[in-house]
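Reader: I am new to this structure. Please take one part and look at it closely, then show me what surrounds it.

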Amino acid sequence: MTRRDLIGPVLFKELATQLRGSRAALMITVYVGLVLITARLFYGVTASQLGFGRPLLGAQIGQVIFIGVSMVIQTMTLFLAPATTLNAISQEYERGTFDLIRATPLSLSQIVVGKLLAALAFLLLLLISAAPAFTLVLLFGGVATADLGPVLLVILSTAVLGCTFGLFCSAVTRQTFNATLLCYALLISLVGGTLFAANIWSLINGLSAAPAALVVTNPLSAMATALAPIRPPDTSFTGGFRPLVLLNLLSRGVIDSSGVLVPIYRATSVIYGGLTILLAWGTLVAIRPRLRLIRSDGLMLAILLGYVLLALLARGWWQPGIFPG
Amino acid sequence: MNHRALARIALLIALLAISLPARAARSQAGISLTASAAFDGNYVPGAWLPISASIENAGPAADVIVSAELPGATARQALPLELAGGAQKQVVLYVAMDQSVREMRVAVERDGAAIAEQTIALRPRVDERMLGLLSGAELSLALPRREDLTSQPFTAVQLTAADMPAEAVGLSSLSILLVQGLPPESLSAAQLDALLAWVQAGGHLVIGAGDAAAINGWLPDQLIAATPGGDASIDADPLAALAAAPGPGALQGVRLAPLPGGVAAGPAEAPAWVSRSFGHGLVTQLAFDPGAPELSRWAAAPSFWSALLQPALLVGTPFGTQSSVDFVQEQLLAGALTALPSIPQPPVNLFFVLLVIYTLAIGPLLALFLRRIDRQSWSWLLVPVISISSGLLLLTLAIGMRTSDQIVNQISLVEDLGDGQTRTRTLVGALSPQGQSFSTQVPAGAITRPLREIAGLYGTISGVSGDLLQQSNQITLSVEPWRLQGILLEQQLPIEGLASAITISDQGVQIEVTNRGNQILRDVAAIYGSRVLLLGDVRPGEQLNGRWAANQPLVSTSDDIIGQIFADEVAAANRPGQAANRRTEIQVAMASAALYGADTSAAAGPLVLAWIDRSPLEAQVDAPRAAQQSLTLLTTRPQVQASGTIGLPEGWLALDPALSQRSTCTSDSQTGVRANPAPATLAMRLPDALSPLQADMLTLTLDSSERWPSAGVTVEIYDWGQSKWVNLPFDGPGDLEVPSPRPYLAEGRIQVRLSGSIERAGCIFATARVQGTMP
């Protein structure tokens, strides 16, 4: 068995072709450029307080940049991840090459996993290329290594789910245009709808905190709760932009001025993991020529049950404050 | 090895396992604790309470911590102790009573576990007069009963010399201390220093006649109001006047000769008592024995004691009234800690330029290069390699260029008590983005407490939590993320720094400031008679002279005095678009704390302020990456020297609202006293050193906030020699020339009585110019 067989021919082919042309270079430049612009913007807003004679601690700037850059990366991941896979299956159908691939000895799961891993690899490349921008945070300080863990967890779980979701839409619609419409309509509904619901709930309940469950699936709320423990100052010893206000808007009910009430990013990651398995299974089902149960369904069901069992065992870590009991 | 042998070994191990904890338990039980609170557990919330603890160790030597904890408190005072085997130690732990609680837990701990503990019952005394009776023998006063008073009831506690705290904070719960018949040498030097600092902060020390030799023998000069002479019969009229009842008849006592600044009650040849101010406090020296049987039998004795044993001052605080300026001063100083310094930022633009270059390199430049060599798939390898190597390079650069991410702000107020002694209070605030514990070196013997929470100039500051080691040179400051938290250190320390003297002669008023220390005295400001003279820096060993300009404006509120000291800095900060200078704001707050009460007490006298670079009570916080700011203000009272014929402009003979027994009022930056109710008696006084002045010319200037009534106002001045009021024709407002003023200025005091329709004048302001001869 050759190395190509091991890593999968589809993955190898995707990796070999994905960085051809100027599109990939342009994406890397725009991605890193946006991260830098965000960092400069947040630095400028915070540092402008120096003009008013307000002292700024380096850590304060570092935390503001970290929060701003992490939010931007999460937003870009949220919308870029599905885009990397939206045409992965549908394009094969549109070009009429899917049946040719099916004629090869490749299994459906090899095709799906190959395309998924290739998309994730590209997303990972983007993230790595943006990493040097985080040295700005180190220049100012204020962020501990332990603060990176929750942020990375949220970004990676969003990336995996986003890629799988794009792939699922692509497989279900078999047309890139329809897949794009379906994917982004659902995505915007998820992000905007949950925030809207939480804010409306709060408005009609005397501005009290909305139940955390309302925003538990919102990737931006999850990132907000992952970032909130960094706790930039909300007092007036020092001047500066107060990103906690922004984070609070994104996660009404789970963050307040005293800090994180419910760290929903844990539940979000757990839910995203389950959804990823479900969507991957759905993709496998969608690209089958006939709707019938096969052996891989049993495997996917076992993976899903195993995951649910693990999630149940670890419910003390992610469940408190979100779902009763 | 057979089964039986194995069983024996197992049994042996089991027995050893059982015996080891038992031995540990015995050693724990070997340490016993007996603790008691000073003043029988009575205390004023917001003040300190000394806890005496006796620890006996019947076991092996052990290092323990004696701690005192209030219910619900996040911080506690602790004292590290080395206990030798079989040793018994007596320690005093000073506990900041920042809560109104009825019990306190005192414990002896080893390795964080309590091995002996005791709960002490306490009694908070809010808005009461805590009276300490320090006597060689049982002293009983006929004090008014609690139910007979409408406010400020007495809580009297008997004290012996051994009960007297060796730290001024230990006396802070007392508002009055009556000392009677205490043998000389009863109090140690530390106890006397504590007494001195307590009076300076606002305590009222009452000294019974007792043995005249004893008074001369042991009290510091600053705490003596009069020189006791031979035996004398004391006229009871002043007692009767104070009690508003017939007197107890003549009392046997001693003849008191008032010292400069001493105010005598009763006939000059044998006054009943003499009062003299020191700092914010008061010393009242009685000519008679307060425990005399005549007094005990006197029916009006409760009224007399209630009127005489008044706190020297009362300050409103969230805990209730307190007879010390400490709370207000600490709040002013703690609030100033929130004005954090500006920190220089790293060269961030250079960093952004490098990141832009990196972005171009990893994006278009790399793509063009790989296309040229037709190896575009190498991007999978080259992008991470370039990214990681650039990241490492920038990381190294960032570590080298990063700035402070913590701030330690420290301010220190050093108040000269005289005789080279100072009362020094240092407040330390720390701010960190992460929860952190800072190891801090402080001079051994300092008393430490967490700061009380206060909204300051730029935010809120609160106290640190955890154990605060007392009288240790190593303490830990534990702060939460982004919370400015701090501690207060207090200690009486000797200092050699600033010596100053004001010389008054026919040439005018001149000040001489000598720097005897080894630090530069910066921005020295001398304040006398509500006038400010800025002298600049005085280097070690240097002497500076200054003379006040004749036409310098007169200010009367401490805010105006501070305004004159920092006029240039405030003007610079007030320019359009100019940010406030936080260092100046801290300096203003510190000067406000130092000058607190200066506008309501003429007895305070002249004052010299100087900034020094290093506090004698400096906390060295181990935070190498922190931006540290430190400010120290030294205050001292210059000696006033005058001889021959002198002329004193306005400001020297100043209105004393406390002596006038009227509330103060302010209008147009002038401080006066309320005219209502009539008659209004205005007491004006000279600084203590000028009290022997014999006036040859006296001009009063009277004014009011409302229109001066054109008719119906009677102005009288008190003739001390003949003990009567003398009418003065005056159609004010304006100058009033007092003819033949000598009888009206006695012991540096004059009294002017305004009656009739003066009530319509609102707030009355009085200044005076005086010329005379110093004997």
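Author: A polar contact is a pair of N or O atoms within 3.5 Å. Keep that cut-off in mind for one serine in this predicted model.

The part to look at is B:Ser615. B:Ser615 sits in the loop between strand 35 (607–612) and strand 36 (620–621) of chain B. Is B:Ser615 buried or exposed? The relative accessible area of B:Ser615 is 7%. Buried means under 20%, so B:Ser615 counts as buried.

Now the polar atoms. The side chain of B:Ser615 meets the side chain of B:Ser412 in a polar contact of 2.6 Å. A polar atom of the B:Ser615 side chain also lies 3.0 Å from the backbone nitrogen of B:Leu617.

Which residues does B:Ser615 touch, leaving aside its neighbours within four places in sequence? They are B:Ser412, B:Thr424, B:Thr426 and B:Thr632. B:Ser412 thus appears both in this list and in the polar contact with B:Ser615.

Step out to the contact between the chains. Chain B gives 49 residues to it, and chain A gives 54 residues. Together the two chains bury about 4,100 Å², with 72% of that on carbon and sulfur atoms. On the chain B side, B:Phe352, B:Trp380 and B:Trp482 lose the most area to chain A. Together they make up 21% of what that side buries.

Salt bridges between chain B and chain A number zero. Polar contacts are there: four residue pairs across the interface, both residues at pLDDT 80 or more. Three elements of chain B give two or more residues each to the side that touches chain A: helix 8 (348–372), helix 9 (379–401) and strand 21 (406–418). Helix 8 of chain B supplies the largest share, 13 residues. By type, that side of chain B has 28 nonpolar, 17 polar and four charged residues.

Chain A, the partner, has 15 helices and two strands. It has 325 residues, and 53% of them count as buried.

How confident is the predictor? The complex gets an ipTM of 0.89 and a pTM of 0.80. Chain B averages a pLDDT of 86, and 93% of its residues score at least 70. Among the elements of chain B, strand 2 (residues 42–43) has the highest mean pLDDT, 95, and helix 1 (residues 3–29) the lowest, 52. Over residues 17–27 of chain B the pLDDT is below 50. Beyond near neighbours in sequence, that stretch has two contacts in the model. Where pLDDT is low, predicted coordinates should not be read in detail.

Conventions. Residues are numbered from 1 along each chain as its sequence is written. Chains are lettered from A and ligands numbered from 1 in the order in which they are written. Side-chain values use heavy atoms; hydrogens and water are left out. Contact means heavy atoms within 4.5 Å. Buried area is the accessible area (1.4 Å probe) that two parts lose on being put together, summed over both. A salt bridge is a side-chain nitrogen of Lys or Arg within 4 Å of a carboxyl oxygen of Asp or Glu. A polar contact is a pair of N or O atoms within 3.5 Å; within protein, one must be able to donate a hydrogen and the other to accept it, and residues adjacent in sequence count only if both atoms are side-chain atoms. Helices (H or I, at least four residues) and strands (E, at least two) are DSSP runs, numbered from the N terminus. Ala, Val, Leu, Ile, Met, Phe, Trp, Tyr, Cys and Pro count as nonpolar, Asp, Glu, Lys and Arg as charged, and the others, Gly among them, as polar. pLDDT is the predictor's confidence in each residue, from 0 to 100. Buried means under 20% relative accessible area, exposed over 50%, partly exposed in between (1.4 Å probe, protein chains only).
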